[in-house]
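Hi everyone, thanks for coming. Let's take a friendly walk through one structure together, and please keep the picture in view while I talk.

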Amino acid sequence: YRVVVVHGGPGALGDVAAIARNLSSSVGVLEPIQSKYTVDGLIKELKEQVETYTNEPLSFVGHSWGAWLVLLYAVRYPGKVKLILVGCAPFEEEYVSLISERRKKKLSEEEGTYWDLLVGKLERGYNRDDVLRELERLVVKSDHYRFRETEEDKRDILPVDGKMYSSVWREAEKIRKDGRWKNLLSRVRCPVYVIHGEMDPHPLEGVIEPLFRANIKFRKIVLPRCGHSPFKEEEVCESFYDLLKSIVL
């Protein structure tokens, strides 16, 4: 296998199966499932999966949280790899409030209130799986431009792991709040590609400005009429796959 496709969440198991399936017509693709409940555990698990099933040079396609995970992997285990960050979250705390603001602009007032209620429940430790499923229903509207989901996509998705989301994302957020990404990014030595939807509520400037300051060689590709997940967008899905293949092949 020469391409590793890494899902987001944390805990969104199987969410990038469509990417893996599409690319697999042209190249061997590994779609590792995350099963650990700490950031360090997930980095080590990814290392074991990669060592077992792949050979360098490698391309890592990380979506959302998965983009952070492949960066953390590349910092700890440098090698002959390239990173493709799809819908990456911002690296600095000052950009975080923009995500919620942009999401709520696409939701009704009632939906926005419900969003806040669900986030509060998540923070207080309610049944995380149920809360995340309800949030995902709103995310379809808040994070996408023209959402597309096939029956095959639905079959690919495994049950969301709310425990993983809460435990891992708590650690990941602390990395951002403590300003540790500045040092981490300064240690990235491989080519980086940033693919971002024009309508993604996650601010692109919160990704590319820290990369630029870290002197990382990166290529930025902004997809018009596209939200957080290009592979779930009706208008850009096929062009997104063409773009990925031009990078990894």
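Let's begin in a loop: Ser64 sits between β3 and α3, the helix of residues 65-76. A quick word before we go further: what you see is a predicted model. Now, what is the sign of phi at Ser64? Phi is positive there, about 60°, although Ser64 is not a glycine. For background, most residues other than glycine have a negative phi, and most peptide bonds are trans.

That second point about peptide bonds brings us to two prolines. Which kind of peptide bond leads from Gly9 to Pro10, cis or trans? The bond is cis, with omega near -5°. You can find Pro10 in the loop that links β1 to α1, the helix of residues 17-23. The bond from Glu56 to Pro57 is cis as well, and its omega is near 0°. Look for Pro57 in the loop between α2, which covers 39-53, and β3.

Next, the sheet. How many strands form the open sheet? There are six, lined up in the order β2-β1-β3-β4-β5-β6, and their pairing is parallel. At the edges you find β2 (29-30) and β6 (218-223), each of which pairs on one side only.

Let's zoom in on two of the pairs. Strand β1, residues 3-6, pairs with β3, residues 58-63, in the parallel sense, over four bridges. If you want one spot to point at, Val6 has Gly62 in β3 as its bridge partner. Over at β5, residues 192-197, six bridges join that strand to β6, and the two run parallel. Here Val194 stands opposite Lys220 in β6. How does the chain make a unit out of these two strands? Helix α10, residues 205-213, joins β5 and β6 in a right-handed β-α-β unit.

Now for the helices, starting with α2 and α3. Their axes come within 10 Å and cross at roughly 75°. That angle makes α2 roughly perpendicular to α3. On the α2 side, the contact includes Val39, Leu42, Ile43, Leu46 and Val50, while Trp65, Leu69, Leu72, Tyr73 and Arg76 come from α3. Sorted by class, this contact has nine nonpolar, no polar and four charged residues.

The other pair is α5, residues 109-123, with α6, residues 128-142. Their axes also come within 10 Å, and they cross at roughly 150°. Why do we call them roughly antiparallel? Angles over 145 degrees count that way, so α5 and α6 are roughly antiparallel to each other. Their crossing is left-handed. Among the residues that meet are Tyr114, Trp115 and Leu118 in α5, and Val131, Leu132 and Leu135 in α6. The residues of this contact divide into 10 nonpolar, one polar and six charged.

To recap, we have seen an open sheet of six strands with parallel pairing, cis bonds leading into Pro10 and Pro57, and a positive phi at Ser64. Thanks for listening!

Definitions and conventions
Residues are numbered from 1 along each chain as its sequence is written. This is a predicted model: local features need pLDDT of at least 70, side-chain atom pairs count only at pLDDT 80 or more; totals for chains, interfaces and linings use all residues. Side-chain values use heavy atoms; hydrogens and water are left out. Two strands pair if DSSP finds at least two bridges between them. A crossover is right-handed if, with the strands pointing away from the viewer, the path from the first strand over the helix to the second runs clockwise. Axes are lines fitted to C-alpha atoms, for helices over the stretch in contact, and angles run from 0 to 180 degrees between N-to-C directions. Angles under 35 degrees count as roughly parallel, over 145 as roughly antiparallel, 65 to 115 as roughly perpendicular and the rest as oblique. A crossing is left-handed if the near helix is turned anticlockwise from the far one by less than a right angle, and right-handed if clockwise. Contact means heavy atoms within 4.5 Å. Ala, Val, Leu, Ile, Met, Phe, Trp, Tyr, Cys and Pro count as nonpolar, Asp, Glu, Lys and Arg as charged, and the others, Gly among them, as polar.
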